[in-house]
Amino acid sequence: MSCVVTPLILLELHFKTLLPINKLPHFHGPQWSALFRDILKPYLPIDMPKVGFWVHPVETGILSYEKDEPIYLGVTFPASYKAEIFRMLADFNDSKVEKGHFQPGRTIFLEGVVCRITGDRWKHGNNAFLSEDLLRDEIEMLSGLSEFSICFHAPLRLPRPEGHKEEGHHFCDEDFFFVEKSGERTAPIQHLISRIRLQGGMPAGTQETDLKVSGGALMWLDISYGQDVMKTIGGVVGRIRVSGKPSLGVAERLVLGQYTGAGKNPVFGLGFYHIRELDGAKKIRPLVRGKTLLERGMSFVALKSSLDRLPNSSPGPDMLTLEDIKKGGKDLLESISRNVIEGKYVYGGLKKYRYRKDDGNYREICVSNTADRLVQRAIADHLLPVVDRLLSTSSYAYRRGLNRKGAASALRQALQEGYAFGLKADISAFFDSVNIEILGEILEGLLPFEPLVERIKRCAGAQGTGSETENRRKP
C-alpha cells in the first residue's frame with residue numbers, strides 16, 4: 001500500500017474509574033495526550049509527537065464520570081515501538097501522575113487492552129498491524145461509489161491552502177468547505193486528501209481528484225486545554241457529503257485517513273473521521289464508548305428523576321396521563337428504557353389543536369404521548385449540560401441560570417468597556433424551521449460513536465422538532 005510508510009498498531013484501552021471525574025471539556029483529547037506524554041517518557045528515546053503515538057478519544061460530550069464507570073480510548077502507534085508501549089501499558093496502573101483528570105491508580109484503572117485488528121486481548125506476541133490486506137475491501141468499495149460522506153468526529157484542524165486564507169478564516173471551517181468563491185476553485189476534498197497523515201504526522205502529499213462537496217453541515221468546535229494557563233485550539237466537526245467517483249489512489253488515501261487522521265495536532269487526537277458507507281466492508285474493530293449517553297439517559301434512575309419533574313400537561317393520542325405512567329412503576333420505566341436502548345421504541349403521533357389569537361393568527365399546539373415526552377425529557381436532561389458548554393457566553397435566552405437581568409448586567413459591562421453596538425437576534429417559528437438532516441449531521445460530529453444521535457433523529461422525524469410548537473399562520 002503506497003500510503004502506509006510504517007505498520008501501525010491500533011488498540012482500544014478499557015479503563016474503570018476509581019473516583020468521580022468532573023468538569024471535563026467536551027473533547028478529551030488534550031487531557032489524554034497530557035497523561036501519555038508523562039507516562040511514556042521513561043519508555044521512549046524520543047518524545048510522544050515524534051514517535052507518532054496518537055490518542056483517539058471516543059467519549060466526546062461526556063462531561064463527568066461516576067465511580068466504577070467504564071471509559072474506552074483508542075490509541076495508534078508504529079509497530080516498531082511495540083515492545084516499549086507494551087511495557088508502558090503493563091506498568092500503567094503503577095505510574096505516578098500528579099495532575100489532570102486521568103491519573104493511573106487514583107482516578108482510573110486500566111482493565112484491558114484490545115487489538116482492534118484481531119478483536120482479542122493485545123499480547124506482546126501479537127504482530128497484527130494496519131495493512132493493505134485489511135483495507136482492500138474498503139478501498140474497492142469506496143472506489144465504486146459515486147456518493148459518500150465523511151464525518152469528522154474529532155475536530156479537524158486543517159490550515160487553509162496558500163491563497164485561501166482570510167481574516168478570521170485561517171483554517172478549513174464550514175466556509176471553506178461549503179462556500180464557492182467566485183472565479184476560483186478551492187478544491188476542499190483535494191486539500192483534505194493532501195493532508196492525510198502518515199507515520200510521524202507527515203501528510204500523504206497531493207492527489208488530483210474531481211470529488212466535490214455536495215452538502216452536509218459542519219460546526220467549529222473550540223477545545224480548551226492546559227493546567228496553569230488555559231489555552232484553546234479548535235477545528236470543525238460534522239459531516240460533509242461528497243459526490244464523484246474516487247480513483248483507487250484517492251480511495252486508498254481516504255480509507256487510510258480514517259485510521260491515521262488528517263491535519264494538525266494528532267497527539268491531541270484531532271483530525272479523525274469516519275466514512276459510514278464503508279461500515280459493511282470494515283475488517284478493523286470499530287471504536288465504541290464504554291457507556292453511552294443513551295444508556296446514561298435511559299437508565300431507570302434517570303427516567304425516574306425525569307418523570308418526577310415532568311409537567312402534568314394534557315395526554316396525547318393514547319390518552320395515558322402522567323398519573324398512569326407513574327402507576328406503571330419500575331416495570332414500565334424499565335420497559336421504556338430497554339426499548340429505547342434497543343431501538344424498538346415506537347413514538348406515537350401528535351394530538352393537534354389550534355385557536356385564533358387576537359392578531360388574527362393561529363397558535364397550533366401539538367401534544368405528544370406522555371411516555372414520549374418522558375423519553376424526550378430524559379434525553380434533554382442529559383444533553384442540556386453538553387449543549388450549554390458549546391453555546392456563546394453572550395447567549396442568555398432559555399438557558400438555566402441565565403436571565404434578562406444577567407443579560408442587562410452584561411450589556412452594562414460591555415458599555416463600560418467601550419462597546420457601542422449590539423445585536424439582538426431571534427428566529428421566527430424556530431421549531432418549524434429546524435432542518436433535521438442538518439441537525440443530525442452536526443450531532444454526528446459532536447457526539448461520535450453515540451447511538452443517542454440516531455434516536456434523536458428518529459424522534460424528530462416521527463414527531464417534529466418539539467412536543468409543543470407555535471406556528472404563526474394566517475387563516
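This note sets out points on the strand pairing, aromatic contacts, charge–ring contacts and cavities of a predicted model.

1. Strand β3 and its cover. Strand β3 spans residues 70-78 and is mostly covered. Of its nine residues, eight are buried.

2. Partners of β3. Strand β1, residues 8-17, runs antiparallel to β3 and is joined to it by nine bridges. One of the residue contacts in this pairing places K16 opposite P70, its bridge partner in β3. Strand β2, residues 54-57, also pairs with β3 in the antiparallel sense, here over four bridges. In that pairing, P57 has L73 of β3 as its bridge partner. Strand β3 is thus bridged to β1 and to β2.

3. Aromatic pairs. The structure contains 14 aromatic pairs. One of them joins F152 and Y273 in an edge-to-face arrangement, with 6.1 Å from centre to centre and 75° between the planes. F152 belongs to strand β5 (residues 147-156) and Y273 to strand β8 (residues 273-274), so this pair ties together parts of the chain that are 121 residues apart in sequence.

4. Burial of that pair. F152 has a relative accessibility of 0% and therefore counts as buried. Y273, at 1% relative accessibility, counts as buried too. The cut-off behind both assignments is a relative accessible area under 20%.

5. Aromatic cluster. F15, W32, F36, F53, F77, F86, F92, F102 and W122 form one aromatic cluster. Among its members, F15 and F77 merit inspection alongside the strands, given that β1 covers residues 8-17 and β3 covers residues 70-78.

6. Charges over rings. Two arginine contacts with aromatic faces may be noted. R197 lies over the face of W54, at 5.4 Å from the ring centre. For R354, the charged end sits over the ring of Y362, at 4.0 Å from the centre of that ring.

7. Cavities. How many cavities of 30 Å³ or more does the model hold? The count comes to two. The second largest has a volume of about 40 Å³. Its lining is formed by V340, G343, Y345, Y347, R455 and R458. By class, this lining comprises three nonpolar residues, one polar residue and two charged residues. Because Gly is counted as polar and Arg as charged, the polar member is G343 and the charged members are R455 and R458.

Notes:
Residues are numbered from 1 along each chain as its sequence is written. This is a predicted model: local features need pLDDT of at least 70, side-chain atom pairs count only at pLDDT 80 or more; totals for chains, interfaces and linings use all residues. Side-chain values use heavy atoms; hydrogens and water are left out. Rings of Phe, Tyr and Trp (its six-membered ring) pair if their centres lie within 6.5 Å; planes under 30 degrees apart count as stacked, over 60 as edge-to-face and the rest as tilted. Helices (H or I, at least four residues) and strands (E, at least two) are DSSP runs, numbered from the N terminus. Buried means under 20% relative accessible area, exposed over 50%, partly exposed in between (1.4 Å probe, protein chains only). A charge sits over a ring if NZ of Lys or CZ of Arg is within 6 Å of the ring centre and within 35 degrees of the ring normal. On a 1 Å grid over the protein atoms alone, a cavity is a set of points where a 1.4 Å probe fits but cannot get out, and a pocket is an open set with protein on both sides within 12 Å along at least five of seven lines; lining residues have an atom within 4 Å of a point. Grid points are joined across faces, edges and corners, and a volume is the space filled by probe spheres set on the points. Two strands pair if DSSP finds at least two bridges between them.
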